Every structure is written in structure tokens, then in C-alpha cells.
Amino acid sequence: MRLILVRHGQTRHNADGLVQGRADIPLSDVGRRQAAALAAALADEPIQAIVSSPLRRAWDTAATIAAVRGLTVSEEPDLIEMDVGHMEGLSGAEMRSRYPEVLQRWLAPGGTAVPLPGGESLAAVQERAWRAVTRLRERFPDGTVVAVTHNFVIAGIVCLVIGLPLDGFRRFRIEVASRTTVEVGTERCLLLHLNDICHLRALEHGPAPATQP
């Protein structure tokens with residue numbers, strides 16, 4: 001199975017640098033434009049199915065992609081973002097002020113196995129995300145599937161695909177509205193593309209100026 005992992009478009013929380021977990025924050029105007037750019041970039045892919053996290057920012061991104069292809073979106077609950085518990089909606093400064101010991105454990109070796117206060121661990125996210133990948137591989141063993149999901153979910157999947165310890169997720173980045181492509185077989189997995197955001201370049205410069213007659 002060829003699995004295209006799409007991170008949802010930008011939200012206001014993303015733009016403001018706030019922690020975003022299960023809070024159901026919608027796409028911003030920028031995020032909606034990013035979703036449209038993703039849909040255009042994926043227009044020629046032989047997509048067999050599109051699945052999404054139940055959160056609106058992912059679902060609306062998936063729906064934009066699906067509309068171009070005449071496909072429907074299926075919900076996959078195990079692709080929901082990490083439950084960040086009491087960290088939800090905090091800025092970096094607020095996290096460091098309120099939870100210094102938690103952040104210290106999170107950054108230490110093995111910290112990915114430690115649940116966040118009132119939330120879950122990154123190891124638990126990786127485990128449930130891989131269950132979703134396994135189910136998709138069983139349904140579409142030779143197909144191409146788009147899965148619209150979230151930062152920590154994609155990071156956990158990538159670490160498993162390339163055999164990187166989960167703590168190694170800090171060695172790469174998953175941008176909003178990026179696509180990461182993996183090949184998932186029964187005996188081996190391959191990382192084909194990581195954090196591809198080429199389709200967003202045109203958005204950085206805005207629309208082209210009108211040509212004068």
C-alpha cells in the first residue's frame with residue numbers, strides 16, 4: 001500500500017504557536033487555501049480511498065481533497081491527534097512556567113512513554129496510529145490511500161516505517177499542509193517522501209498581479 005500522510009492545513013492555534021491536541025479548531029483562511037493547494041497537488045495521484053481524523057481541521061482538509069476526485073471521506077478515529085490534556089491551548093512560555101518537570105521528562109530519553117498531565121503518551125499515539133495503518137493495508141494492499149491527520153500521528157508512523165526510536169521524532173519536522181508518503185508492505189516499509197510542501201510555494205507570494213492591457 002502506498003500511503004500519503006497529509007497533515008491538516010493551518011489553524012489559528014498553529015499560527016499563534018499554541019498547543020493543539022483534541023480541541024476541535026477549524027481551518028483558518030490560510031488553512032483553507034493550503035487544503036486547496038494540496039487537492040491540486042494530489043489531482044493526478046491514483047487515489048483509491050481518503051480517510052481522516054475526526055477533528056474538523058483534518059476532516060475539512062480531507063473533504064477538499066476528496067471533492068476534486070469525486071470521492072467520499074471515511075473517518076478513522078485512531079488518526080486523531082495526541083490528547084495533550086492540560087497542555088491544550090497553552091503557549092510555549094506557559095508550558096515552561098506551569099509544567100517544567102513534565103517538559104523535563106518529555107525531553108529526556110524515554111520521555112515519549114510518559115503521559116502528559118490529563119492526556120496520553122506519544123507511545124500510545126504511535127500504537128493506535130499503526131493499528132489504523134495496518135487496517136488500511138489489509139483493505140488496500142496494492143492501492144494508494146490518503147490519510148489526513150496530525151503532527152504527532154504522522155511522526156509516530158514515520159519512526160516505525162524507518163526503524164527510528166520514537167524519541168527520534170525530534171530529528172525531523174512535519175509542517176502543516178505537508179504530505180509524507182510511505183510504502184507499507186507485509187515484510188518491509190519504505191519512506192518515499194518526507195514533509196513535502198512544494199505545493200505551498202505559490203501561496204507564500206500571494207496571487208500574481210493582474211496584467212495591464
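## A walk through the chain, starting at Glu120

Setting aside residues up to four places away in sequence, Glu120 touches Arg22, Glu81, Met82, Asp83, Pro115, Val125 and Arg128. Glu120 sits in the loop between H5 and H6. Is Glu120 buried or exposed? Its relative accessibility is 14%, so Glu120 counts as buried, the cut-off for that label being under 20%.

Before we go further, a word on confidence. What you have in front of you is a predicted model. Its pLDDT averages 94 over the chain, and 96% of the residues score at least 70. The stretch to treat with care is residues 207-213, where pLDDT stays under 50. For this stretch the model has zero contacts beyond four places in sequence.

Now turn to helix H7, which covers residues 151-162. Its twelve residues reach 17 Å from the first C-alpha to the last, close to the 16 Å expected at 1.5 Å a residue. How many of its residues are buried? Nine of the twelve are, which leaves H7 mostly covered. You can pick them out as Phe152, Val153, Ile154, Ala155, Gly156, Ile157, Val158, Cys159 and Val161. What do these buried residues pack against? Their partners are strands E1 (2-7), E4 (144-149), E5 (179-184) and E6, together with helices H5 (100-107) and H6 (122-139). Just after the helix comes Gly163, with a positive phi near 70°.

Follow the chain onward and you reach the loop between H7 and E5, where Ala177 lies. Ala177 is not a glycine, yet its phi is positive, at about 65°. With a relative accessible area of 0%, Ala177 is buried. A comparable backbone detail can be found in strand E6, the home of Asn195. Here too a residue other than glycine has a positive phi, near 55° for Asn195. Asn195 has a relative accessible area of 17% and is therefore buried.

Strand E6 spans residues 189-196 and also holds Leu194. Leu194 is partly exposed, because its relative accessible area is 37% and that label covers values between 20% and 50%. Together with Ile162 and Leu191, Leu194 makes a nonpolar surface patch of about 220 Å².

Let us move back along the chain to helix H2, residues 29-41. H2 has 13 residues and reaches 19 Å between its first and last C-alpha, close to the 18 Å expected at 1.5 Å a residue. Gly31, Gln34, Ala35, Ala37, Leu38 and Ala39 are buried in this helix. The buried residues of H2 pack against E1, helix H3 (56-69) and helix H8 (201-204). E1 is thus a good place to pause, since the buried residues of H7 pack against E1 and those of H2 do as well. Val30, also found in H2, is partly exposed at a relative accessible area of 29%. To get a sense of scale, look from Val30 to Glu127: these two are 97 residues apart in sequence and 32 Å apart in space, C-alpha to C-alpha.

Our last stop is Trp59 in helix H3. Trp59 has a relative accessibility of 29%, so it counts as partly exposed. Which residues does Trp59 touch, not counting those up to four places away in sequence? They are Ser52, Ser53, Val73, Ser74 and Glu75. Pro26 is 33 residues from Trp59 along the chain, and their C-alpha atoms are separated by 9.5 Å.

Notes:
Residues are numbered from 1 along each chain as its sequence is written. This is a predicted model: local features need pLDDT of at least 70, side-chain atom pairs count only at pLDDT 80 or more; totals for chains, interfaces and linings use all residues. Side-chain values use heavy atoms; hydrogens and water are left out. Patches are made of residues with over 30% relative accessible area and no salt bridge: like charges are joined within 9 Å, nonpolar side chains (Val, Leu, Ile, Met, Phe, Trp, Tyr) within 5 Å. Accessible areas come from the Shrake-Rupley method with a 1.4 Å probe; for residues, only the protein chains shown count as cover. A salt bridge is a side-chain nitrogen of Lys or Arg within 4 Å of a carboxyl oxygen of Asp or Glu. Helices (H or I, at least four residues) and strands (E, at least two) are DSSP runs, numbered from the N terminus. Buried means under 20% relative accessible area, exposed over 50%, partly exposed in between (1.4 Å probe, protein chains only). pLDDT is the predictor's confidence in each residue, from 0 to 100. Contact means heavy atoms within 4.5 Å. The expected span of a helix is 1.5 Å times one less than its number of residues.
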